[in-house]
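Here are a few exercises to work through with the model open beside you. Try each task before reading its solution.

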Amino acid sequence: MTEEFTLDQLNRIVGEDSDVLISPEQAGAAFADLGLDSLALVELAERLVDEYDVPAPEDVYRDLGTPELVLDYVNRHLGKGRQAGDEEFACT
């Protein structure tokens, strides 16, 4: 059985590098409007790859631009594991 990725889990990851705490009412807001910049989104995506074994999104801003999109993205990919050809994020 696959565990569901929740807003609490997202808050744990986001909160490691910021003071942002996302409420359920804010789940549809853009991360930029919540005080998280593009670097924070890339770091979030890297942690999701590492911690939840989901594939790296092709377009982090489109696929992970709001908390709601992150929850949907991770929950769609939970249990599937990494597929051949999935690319990892590389920080430069």
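**Exercise 1.** Is Asp-53 buried, partly exposed or exposed?

*Solution.* Before starting, note that this is a predicted model, in which local features need pLDDT of at least 70, side-chain atom pairs count only at pLDDT 80 or more, and totals for chains, interfaces and linings use all residues. Residues are numbered from 1 along each chain as its sequence is written, and side-chain values use heavy atoms, with hydrogens and water left out.

Step 1: take the relative accessible area of Asp-53, which is 33%. Step 2: apply the classes, where buried means under 20%, exposed over 50% and partly exposed in between (1.4 Å probe, protein chains only). Asp-53 is therefore partly exposed.
Step 3: place the residue; Asp-53 sits in the loop between α2 and α3 (60–63). Step 4: check its backbone, where phi is near 55°, a positive value in a residue other than glycine. For context, most residues other than glycine have a negative phi.

**Exercise 2.** Describe how helices α1 and α2 cross.

*Solution.* Step 1: find the helices, which are DSSP runs (H or I, at least four residues) numbered from the N terminus; α1 covers residues 7–15 and α2 residues 38–52. Step 2: compare their axes, lines fitted to C-alpha atoms over the stretch in contact, with angles running from 0 to 180 degrees between N-to-C directions. The two axes come within 10 Å and cross at roughly 120°. That makes α1 oblique to α2, given that angles under 35 degrees count as roughly parallel, over 145 as roughly antiparallel, 65 to 115 as roughly perpendicular and the rest as oblique.
Step 3: list the contacts (heavy atoms within 4.5 Å). Gln-9, Leu-10, Arg-12, Ile-13 and Val-14 of α1 meet Leu-44, Arg-47, Leu-48, Glu-51 and Tyr-52 of α2.

**Exercise 3.** Which kind of aromatic pair do Phe-5 and Tyr-52 form?

*Solution.* Step 1: count the pairs (ring centres of Phe, Tyr or the six-membered ring of Trp within 6.5 Å); the structure holds one. Step 2: look at its geometry; the centres are 4.9 Å apart and the planes stand at 75°, so the pair is edge-to-face (over 60 degrees, with under 30 stacked and the rest tilted). Step 3: locate the partners. Phe-5 lies in the segment before α1 and Tyr-52 in helix α2, so the pair ties together parts 47 residues apart in sequence. Step 4: check accessibility; Phe-5 is buried at 1%, and Tyr-52 counts as buried at 18%.

Methods. Helices (H or I, at least four residues) and strands (E, at least two) are DSSP runs, numbered from the N terminus.
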